[in-house]
Amino acid sequence: MNINKMKSFVIIILVIAAVYQTGLLWLEDTASHNFFYTVFGLGGQKEFTAEENVLLLPSKFVIGSGNKKYTVAYANSIEKEAVLSEGNDLLQEVLMQSETSTVKQTIPWEEILEEKCLLLEYHFFIPVSEYFENYNKKFLIPTIKSFDCIALVPSKTGNGTTNVYFINTSLGEYCNMSINKSRISTKLYAMLEAKQSDLTYVSTKQSGFNLFRDSVFVPQWKGDSLPYRSVMEINPFMKDGSINRYFLENSVDSFFKNLEADWNRVDETGTFVFSDETVVVRYYPKGILEYYSYGTYDTEIKTDIVTGYQICKNFMNNDTSLETETYLSDVEINGNEILYYFDYTIDNYPVLLSEAVQKEFDMPHAIEFCVRGNSVRKYKRYAHNFKAVDIKDKEISVEFLGALDQAIEQYQINHEELEVKEVEDMYLAYFVEPNFTVTMKWITELYHELYIGKTMK
């Protein structure tokens with residue numbers, strides 16, 4: 001009897017082990033099956049949480065000095081961190097103390113831009129209900145349904161009126177909230193000064209460029225050209241012309257909760273595969289890092305847009321191979337999951353993947369997240385860093401009006417001579433082309449299409 005019982009016990013153990021290994025192999029080859037959610041739990045997945053009452057950092061922010069000169073920045077650099085932190089404090093103060101919130105038409109850009117201001121601009125529209133889901137304080141919630149810009153206009157004196165505008169640039173709607181006697185406004189007011197630089201920005205609204213959307217700020221410079229630094233693309237796992245397994249393993253370890261539990265192999269395509277009972281991480285030879293979590297999650301939890309953003313930021317902070325600044329470039333809400341897209345930024349210029357690179361890697365942006373149930377289910381990254389050289393060794397000689405003419409001409413060729421009645425956006429960006437070539441380009445957005453223009457005459 002004892003021998004039979006032992007045999008039965010051994011058989012049960014072997015069956016469980018076989019099911020486990022089969023499930024693990026099955027999971028490696030798919031990104032969508034959910035069967036093993038109830039089997040494996042969160043075992044190997046690291047937890048990435050979010051803080052409360054944290055500002056959803058904008059895609060870019062604009063500092064207005066009240067003298068028709070502006071500074072535009074993408075990353076939350078140390079230099080700009082204090083301004084954004086003070087802006088967040090002022091925003092919460094206004095939300096706590098304001099007594100009215102009414103949706104109005106015709107955005108008062110002249111009124112906003114003639115004062116010192118801080119604009120938080122998003123490349124997507126944020127539902128108000130999602131934005132304020134994370135806040136546990138009793139705020140006066142703006143009555144506008146969604147917005148893509150928050151304009152903060154602080155008072156110069158403690159007794160003046162401080163205004164905050166939630167703006168939907170597409171619908172031309174806004175919601176104004178104001179308070180008197182702010183404790184914070186004077187400090188932010190003093191910080192809103194544009195520093196002297198080769199590059200400044202002007203408002204197309206103030207400058208009378210009526211073809212542009214009201215909230216566009218275009219770069220300008222003195223002289224015939226603008227100097228800038230060329231950029232190198234660096235693979236953080238490459239050494240002596242090949243992938244260094246030690247570098248890769250050390251970086252990937254940060255994605256696993258139990259560092260001793262993961263195992264790895266290299267498949268027939270040269271793809272590195274790392275996994276444990278709930279997490280699979282792949283590194284593809286061309287430089288794509290991909291993370292999937294198959295652990296269980298609380299299906300009752302609905303992730304709000306700010307919480308999910310913080311979880312993404314904390315996750316990226318844990319990616320030791322990521323050494324380039326990023327900014328939030330898009331968000332999609334699909335039922336109970338939120339997709340976040342990030343792109344790189346260097347020297348306050350965005351770094352964009354060319355259409356050819358996007359197609360090659362099936363990635364519209366450099367970094368993609370899928371967050372569900374306050375948990376990262378997928379993370380995919382164009383795993384290259386970007387580094388600017390030490391000196392300004394390049395120059396831009398095509399000004400924005402010349403680049404605009406190029407874009408309009410190309411648009412009319414593509415669309416049978418249709419007239420361009422509005423320019424949605426225009427800016428300079430580093431452009432990642434095939435074979436890891438990075439060049440500076442003019443980017444003009446016309447009717448949700450991007451037109452790429454040269455920067456040298």
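In this predicted model, the structure holds 30 aromatic pairs. One of them joins Phe237 and Tyr283, whose ring centres are 5.1 Å apart and whose planes stand at 80°, so the pair is edge-to-face. Phe237 sits in the loop between strand E11 (231-234) and strand E12 (238-239), while Tyr283 belongs to strand E16 (residues 279-284); the pair thus links distant parts of the chain, 46 residues apart. Phe237 and Tyr283 are both buried. A further pair is formed by Tyr411 and Tyr451, with ring centres 6.0 Å apart and planes at 70°, so this pair is edge-to-face as well. Here, too, distant parts of the chain are linked: Tyr411 comes from helix H10 (residues 400-414) and Tyr451 from strand E27 (residues 449-453), 40 residues apart. Tyr411 and Tyr451 are likewise buried. Beyond these pairs, one aromatic cluster brings together Phe255, Tyr291, Tyr309, Phe315, Phe342, Phe369 and Tyr379.

Charged side chains come next. Side chains of opposite charge can pair when their charged atoms come close. In total, the structure holds 14 salt bridges. In one of these, the side chains of Lys187 and Glu86 meet at 3.7 Å, N to O. Lys187 is part of helix H6 (residues 185-191) and Glu86 part of helix H3 (residues 78-97), so this salt bridge ties together parts that are 101 residues apart in sequence. Glu86 has a relative accessible area of 11% and is buried, because the cut-off for that class is under 20%.

A salt bridge also connects Glu110 with Lys205, where the closest N and O atoms are 3.7 Å apart. Glu110 is located in helix H4 (residues 109-113) and Lys205 in the loop between strand E8 (199-203) and strand E9 (217-221), so parts 95 residues apart in sequence are tied together. Lys205 has a relative accessibility of 30% and counts as partly exposed. Glu110 and Lys205 are not alone, as they are linked with Asp214 in a network of salt bridges. Another salt bridge is formed by Arg372 and Glu337, with 2.5 Å between the closest N and O atoms. This pair, too, links distant parts of the chain, with Arg372 in strand E21 (residues 367-372) and Glu337 in strand E19 (residues 337-346), 35 residues apart. Arg372 counts as buried, at 13% relative accessibility.

Turning to the interior, the largest nonpolar core has 129 residues, and among these Phe166 and Tyr340 touch the most other members. Once neighbours within four places in sequence are left aside, the contacts of Tyr340 are Asp304, Ile305, Gly308, Tyr309, Cys312, Leu328, Asp330, Val331, Ile367, Glu368, Phe369 and Val371. Several of these names return in helix H8 (residues 305-318), a run of 14 residues that reaches 20 Å from its first C-alpha to its last, close to the 20 Å expected at 1.5 Å a residue. Eleven of the 14 residues of H8 are buried, so this helix is largely enclosed by the rest of the structure. The buried residues of H8 are Ile305, Val306, Thr307, Gly308, Tyr309, Gln310, Ile311, Cys312, Phe315, Met316 and Asn318. Two of them, Tyr309 and Phe315, are also members of the aromatic cluster. At the N-terminal end of H8, Asp304 acts as a cap, with a side-chain oxygen 3.1 Å from the backbone nitrogen of Val306.

A further polar contact involves Ser293, a residue of strand E17 (residues 288-293). A polar atom of the Ser293 side chain lies 3.5 Å from the backbone nitrogen of Gly295. Ser293 is buried, with a relative accessible area of 3%. Ile391 offers a contrast, as this residue counts as exposed at 58% relative accessibility. Ile391 is placed in the loop between strand E23 (385-388) and strand E24 (394-396). The C-alpha atom of Ile391 is 9.5 Å from that of Pro227, although the two residues are 164 residues apart along the chain.

A view of the whole chain completes the picture. The chain contains ten helices and 27 strands. It has 457 residues, of which 53% count as buried. Of the contacts between residues at least 6 apart in sequence, 67% join residues at least 24 apart.

Conventions: Residues numbered from 1 in each chain as written. Heavy atoms only, no water. Phe/Tyr/Trp six-rings, centres within 6.5 Å; stacked < 30°, edge-to-face > 60°. Helix = DSSP H or I, 4+ residues; strand = E, 2+ residues; numbered from the N terminus. Buried < 20%, exposed > 50% of the residue type's maximum accessible area, 1.4 Å probe, protein only. Salt bridge = Lys/Arg side-chain N within 4 Å of Asp/Glu carboxyl O. Core = buried A, V, L, I, M, F, W, Y, C linked by side-chain atoms within 4.5 Å. Contact = heavy atoms within 4.5 Å. Expected span 1.5 Å × (residues − 1). Polar contact = N/O pair within 3.5 Å; in protein donor to acceptor, adjacent residues only side chain to side chain.
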